[in-house]
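Dear colleague,

Here is the structure I said I would pass on. My notes on it follow below.

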Amino acid sequence: MLANIGFNIIIPTLILTKLSSEEYLGPAYSIVVALAFPIGFGVREFMSTHKANFFSILGIFSVIMTGGMSLLQLDPEYIAIKEAAIPALFGLATLYSMRTRYPLVKTFLFNDQILQINKVKQALESYNNNHIFEQKLAHASYMVAGSFFLSSVLNYVLAKVILVSQPGTVEFTEELGKMTALSFPVIALPSTLVLVAALFYLLHHIQKLTHLKSDEIFNEM
C-alpha cells in the first residue's frame, strides 16, 4: 500500500513540483521522469500478478494532467478540479469494486500483508460468520470510500486557496510547492485517520466473529 502511494502519487508529484524549473529537469523532462515511476511500478506489478495496477493507472493520469496543465498554462481552476478528481475516482472505484470479486477494501485493509487471512477465514467458517463478516467488510468499504471523498473536497479547497497565479510563472511554481507541502497535514492526515478508524472497525468485528486475539490476527512484523 505504501509502495503504491509512494511510486504512483507522492514521488511523481514531488518531481513535478520540485524539479520542474529550468535549473533542474525543466518542465518537459520532469514530466518524463515523473511518468517513469508509476509506469515502472505498474509494469513490475503486472509482471508479478498479471493484473493491471489501478493505482499506477491513476498515477499516470495524474502526472499527465498536472504536467499538461502546467505546460499549457491553463487556468488554476482546472488544476483544482483535477486535484479533486483523483481521490474522487479512488472513492468511486472503491464503491464499484464492492460489486466485483476483488473489492478494493481488501487491498487497503483485509490483505495478507497485514492480517493472517487464512487463519481468519478458517475461524469465520468454523463459527459460520462469513455472511456477517461480508456485511462488516462492506461497511468498512464505505468508510474507505468516505476517506477518499473527504480528500477530494479538501484537495479542491486547498488548490483553490493556494493556486492563484497563472501557470508557467515563478509564483505559480512556488504555490504548487506550497500546496504539496500542506497536502499532508491538511489532506493526508484526516484521510489516514478515517482509514485507521476503518481498520479498527474491521479488527473489532474480526475479533468478535472469529474469537481470535490480536496476535493471532496480525502478521508478525
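**Salt bridges and helix packing**

At 24% relative accessibility, E77 counts as partly exposed. Please keep in mind that this is a predicted model.

The side chain of E77 forms a salt bridge with that of K160, at 2.5 Å from N to O. K160 is also partly exposed, its relative accessible area being 41%. The two partners come from distant parts of the chain: E77 belongs to helix 4 and K160 to helix 7, with their positions 83 residues apart.

The structure has 2 salt bridges. Another pair that meets in this way is K82 with E83, where the N to O distance is 2.8 Å. Here K82 is buried, with a relative accessible area of 5%. E83 counts as buried as well, at 17% relative accessibility, because the limit for that class is under 20%.

Next, the packing of the two helices that the K160 and E77 pair links. Helix 4 covers residues 76-97, and its axis runs 8 Å from that of helix 7, at an angle of about 180°. Helix 4 is therefore roughly antiparallel to helix 7, since angles over 145 degrees fall into that class. On the helix 4 side, the contact is made by E77, A80, I81, E83, A84, P87, A88, F90, G91, L92, T94 and L95. Helix 7 contributes S141, Y142, V144, A145, F148, F149, S151, S152, N155, Y156, A159 and K160. Sorted by class, the residues of this contact are 15 nonpolar, 6 polar and 3 charged. Both E77 and K160, the salt-bridge partners, are on the contact list, and so is E83.

One further residue of helix 7 may be of use to you. S147 sits in this helix, which spans residues 130-162. Is S147 buried or exposed? It is buried, with a relative accessible area of 1%; the class follows because that value is under 20%. A polar atom of the S147 side chain lies 2.5 Å from the backbone oxygen of V144. V144 is itself among the helix 7 residues that touch helix 4. Apart from neighbours within four places in sequence, S147 is in contact with S191, V194 and L195.

That is what I have on these parts of the model.

Best regards

Technical notes. Residues are numbered from 1 along each chain as its sequence is written. This is a predicted model: local features need pLDDT of at least 70, side-chain atom pairs count only at pLDDT 80 or more; totals for chains, interfaces and linings use all residues. Side-chain values use heavy atoms; hydrogens and water are left out. Helices (H or I, at least four residues) and strands (E, at least two) are DSSP runs, numbered from the N terminus. Buried means under 20% relative accessible area, exposed over 50%, partly exposed in between (1.4 Å probe, protein chains only). A polar contact is a pair of N or O atoms within 3.5 Å; within protein, one must be able to donate a hydrogen and the other to accept it, and residues adjacent in sequence count only if both atoms are side-chain atoms. Contact means heavy atoms within 4.5 Å. Axes are lines fitted to C-alpha atoms, for helices over the stretch in contact, and angles run from 0 to 180 degrees between N-to-C directions. Angles under 35 degrees count as roughly parallel, over 145 as roughly antiparallel, 65 to 115 as roughly perpendicular and the rest as oblique. Ala, Val, Leu, Ile, Met, Phe, Trp, Tyr, Cys and Pro count as nonpolar, Asp, Glu, Lys and Arg as charged, and the others, Gly among them, as polar. A salt bridge is a side-chain nitrogen of Lys or Arg within 4 Å of a carboxyl oxygen of Asp or Glu.
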